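Biologist: I keep meeting terms such as buried, polar contact and salt bridge. Take me through them on a real case, please.

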Amino acid sequence: MTRISITVDGVRYDDDVQPRTLLVHHLRERLGKVGTVVGCDTSNCGSCTVLMGGESVKSCTVLAVQADGLEITTVEGLAGSDGELHPVQQAFHDRHALQCGFCTPGMIMSAVDLLAENPDPTDAEIREGLEGNLCRCTGYQNIVRAVRDAAATMRAGASEPAPAAPEEAPAPAPAPVEVGS
Amino acid sequence: MTVVDERPAAEVGAPRKRKEDARLITGRTMWTDNLTLPGMLHLAILRSPMAHARITRIDTAPALAAPGVVAAFSGRDVAETQGSLPCAWVVTDDMVHPDHPPLAVDEVRHVGEPVAVVVARDAASAVDALGAIDVEYEPLPVVLEMDEALGEGAALVHSDKGTNKSYTWIYDSAEAGHGQAYDAATAEAEVVLRKRYVQQRLIPAFMEPRSVVVDPTADQVTIWSSTQIPHVLRVLIALVTGLPEHKIRVIAPDVGGGFGGKLQMTAEELITMMAARRVGKPAKYTETRSESLLAAHHGRDMYQDVELAARRDGTLLGLRVRLTANMGAYLALLTPSVPLLGRYMYNGIYKLPAYRFECTGVFTNTTPTDAYRGAGRPEATYAIERAMDDLAAELGMDPIELRRRNWIGHGEFPFHTVAGLTYDSGDYEAATDKAMSLFGYDELRREQAARRESRDPVQLGIGVSTYTEMCGLAPSRWLGSLGYAAGGWESASVRMLPTGKVEVLTGTSPHGQGHETAWSQIAADQLGVAFEDVEVLHGDTRTAHKGLDTYGSRSLAVGGFALVNACQKVVDKAKPIAAHLLECDVADVEFSAGRFRVRGAPADAEGKTMADCALAVFAAHDMPGGAEPTLDAEAVYDPTDFSFPHGTHLCATEVDTETGRVTVRSYVAVDDVGKVVNPLIVEGQVHGGVAQGIAQALFEEAVYDADGNLLTGTFVDYTPPSSADLPDIVSDRTETPAPDHPLGIKGVGEAGTIASTPAVVNAIVDALRPYGVDDIRMPCTPERVWRAVQGGDRS
């Protein structure tokens, strides 16, 4: 067993894990983060995609021990604390970019990463950028539309004048809650 | 003033964003594999590595010594009690129907067949212990190819049956009284096209692997399964296991589509039940993707020998189809019937004087086939639409012109077809004209001519597909006449809650289709309540207790009809309550725009709402004489006939004759699915359907090696298309309401898949006809296209 400490969706977890345990199994079976799903066993489908240290990874292809000390964001941690959807989530809803929704967590996380790298992608760049994520329901057309829409929303948000500086320094983000297990 | 008695249609027809999405985009979905019960154990299944072998020795005892293992057993341990997986469709009296044990006992007949199971405290321990099970196999001869399987002296999949033929089923339009005899009608044919088209084997490849959890400790044994058919499954479990039906509860929680691949009673469901009941604790089995591709049922896999006879002017005289259909090693739930559903569709949208259809089902040492999106109808449509393009080429006629000369005119409906169905309505002219206009058909034909003239290495091809399909499975009387064990009705219930909110229970079982949204739209209109005030409950035999589930583009066509009827019963029950509240005679009450008003009252009169009536029956203090204090209602609808959506799909491909690469340059889909409840959902269904049809044309095939090992056992090898592989399509509609449906709807789930495969292959062949190419086997990979170009006659 190896001791690891990872922060998932803002909550810190310290656990002993088998060295062979995959990150996705650790997330699902130990931490109860079942929003991230397993669609294959060969790293092809991308359903298990999460952000690790800010970059998208297929969590079935990462050992839990490799995530030690890192921040993980899953689809469950994407919306704001007030429940406000991330622009990519909102666009998936608005554009009917999901049907059964099994690929959706991974697809959304890959799209988030894609837009972080390329805030203004062409349709072809979106299609290339998401080719590691398989969807069987939608034919991808509405997914491409959704990512395009989300990109526009996020660019508009980024170019808005910064809100007036608060008079006092903002409160620091709450410290991660430690959960033993 | 005139009182309009029409209910408002504010919701039906609106592109409502889906209610389902909220949980799906935030990771709050309840997939079966997400479920954890106290004390739950985990299964791993040992599968046969041999396509055909006798099990000479099997010992599970060593697995028991492995860490965390609670139980292990093989087929031999449960041989007397495990029962046989059912086939619910006996297509002929003499159909060969072998036993199909969930766990193989003495013989394995395809790679991936379960032979033993380990139950352990966690999934990893269960998988680890599989290696300790000791099995010895004595190899037996393997037969994989259908013509070989039917030949003299072929190795037998089931040696005790003495044949690899399961059945031969014949339809003849003259014998059935729906047309002439083929030979007589075609005696004076001036051209006869004879072709073998091949439907390669496909894998449904739903994204959510199958998963099942069984809790044997509950008063009702509870089975959660990622299934399309919770209600059918409950009946089947009772029949197969002997467990009393009222002691069984089946739940299909959130289920990932599906596409027919989860229209099944699986070995894994029964094995998990056996395991859970043996150890007396909840147990879960979730398959890996590799297991799923190997062992979940496959689809298609048919040879289609087609003979199409015509006059030189293009007039069709007759069609003969000899179909050879691969059953795989066993008959699964609907295996033998899938090719037979095609019988009704080989004639397509055309007026044919004569039609003969012969189908032979064949056993091979492969995974059983069964329903995959369209189930028999895509295959049939592929054959007739490929044949129409080939015939047009033979006649030197534009393929659309050939179709125009033979299709059913829009003034000829209802039309009794040579296959014995009555098409309810349609307008093939309008759909085709619209598609041609959106596509720029004439302009593309000119470009094609120019490229041919200049011997451009990248040739342009145009593919046509004018399809229809039968939706709304199915009239129970029809199913019974064909040997299916169950009916085709569907149920809906409406519960009016005291505060005016509504619960709708449906017997359909959605897995991505958006029933919660669409059913809410229908109920909102029918009851005059807000869309947000409707909750749609499904997929649990305890709540939505009655139903026949979701497949065959039936849910809205049949289940939607039941819902409208249930809502109307609620309105009828509410009328006397409203009359009582309004202190008028019930005959004077009218229901409009969600309000009950006294006849002749001004349109803005307050009247009484459904919520007023719901509260009144809840209190029940002052019911009108003898009225039962409830507004709840249930309706079961058995369709009187099928509905027949149709459409025209046009595909332009660029084919690189030097590399064999095919690029879909443009794709136009004009579908007529009748009236539409939610255009957003309909468009999504078309997109996804077209994508799966393109996948068959260009990418996907389940391939076995000579020993019967599946070579396409991962997504790398099976190659379902990614976003980078598929084009944007143009999707539009024409609208011919279904005359016999209260909402005028027809069904859309399978249309795209049915239409698109022939459109794409026709386009590729059209590009290469100057190279002497008249067919390419699917999937049309660069290698196959390049070989066709090399091997064809260039003259």
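Modeller: Start with A:Asn133 and A:Ser110, whose side chains make a polar contact at 2.8 Å. This is a predicted model, in which local features need pLDDT of at least 70, side-chain atom pairs count only at pLDDT 80 or more, and totals for chains, interfaces and linings use all residues. Residues are numbered from 1 along each chain as its sequence is written, chains are lettered from A and ligands numbered from 1 in the order in which they are written, and side-chain values use heavy atoms, without hydrogens and water.

Biologist: What makes the pair A:Asn133 and A:Ser110 a polar contact?

Modeller: The term needs a pair of N or O atoms within 3.5 Å; within protein, one must be able to donate a hydrogen and the other to accept it, and residues adjacent in sequence count only if both atoms are side-chain atoms. The side chains of A:Asn133 and A:Ser110 are joined at 2.8 Å, so the distance fits the 3.5 Å limit. A polar atom of the A:Asn133 side chain also lies 3.2 Å from the backbone oxygen of A:Gly106.

Biologist: Is A:Asn133 buried or exposed, and how do you know?

Modeller: Buried means under 20% relative accessible area, exposed over 50%, and partly exposed in between (1.4 Å probe, protein chains only). A:Asn133 has 4%, so A:Asn133 counts as buried. A:Asn133 sits in the loop between helix 4 (123-129) and helix 5 (141-159) of chain A. Helices are DSSP runs of H or I with at least four residues, and strands are runs of E with at least two, numbered from the N terminus.

Biologist: Why is B:Gln696 called buried?

Modeller: B:Gln696 has a relative accessible area of 2%, so the buried label applies. B:Gln696 is in helix 19 of chain B. Its side chain makes a polar contact with the side chain of B:Arg300, at 3.4 Å.

Biologist: And what makes B:Arg18 buried?

Modeller: The relative accessible area of B:Arg18 is 2%, so B:Arg18 is buried. B:Arg18 lies in the segment before helix 1 of chain B. The side chain of B:Arg18 reaches the backbone oxygen of A:Gln99 at 2.7 Å. A polar contact of 3.0 Å joins the side chains of B:Arg18 and B:Asp21. Contact means heavy atoms within 4.5 Å. By that rule B:Arg18 touches residues including A:His93, A:Leu98 and B:Ile681.

Biologist: How many residues does each chain give to the contact between the chains?

Modeller: Chain B gives 51 residues and chain A gives 43. Together they bury about 4,000 Å², 54% of it on carbon and sulfur atoms. Buried area is the accessible area (1.4 Å probe) that two parts lose on being put together, summed over both.

Biologist: What makes A:Arg136 and B:Glu700 a salt bridge?

Modeller: A salt bridge is a side-chain nitrogen of Lys or Arg within 4 Å of a carboxyl oxygen of Asp or Glu. A:Arg136 and B:Glu700 meet at 2.5 Å, N to O, so the 4 Å limit is satisfied. Chain B and chain A share six salt bridges.

Biologist: Why is helix 8 of chain B called mostly covered?

Modeller: Of its 13 residues, 10 are buried. Among them are B:Ala267, B:Leu270 and B:Met274. After helix 8 of chain B comes B:Gly280, with a positive phi near 70°.

Key
Lists of a residue's contacts leave out its neighbours within four places in sequence.
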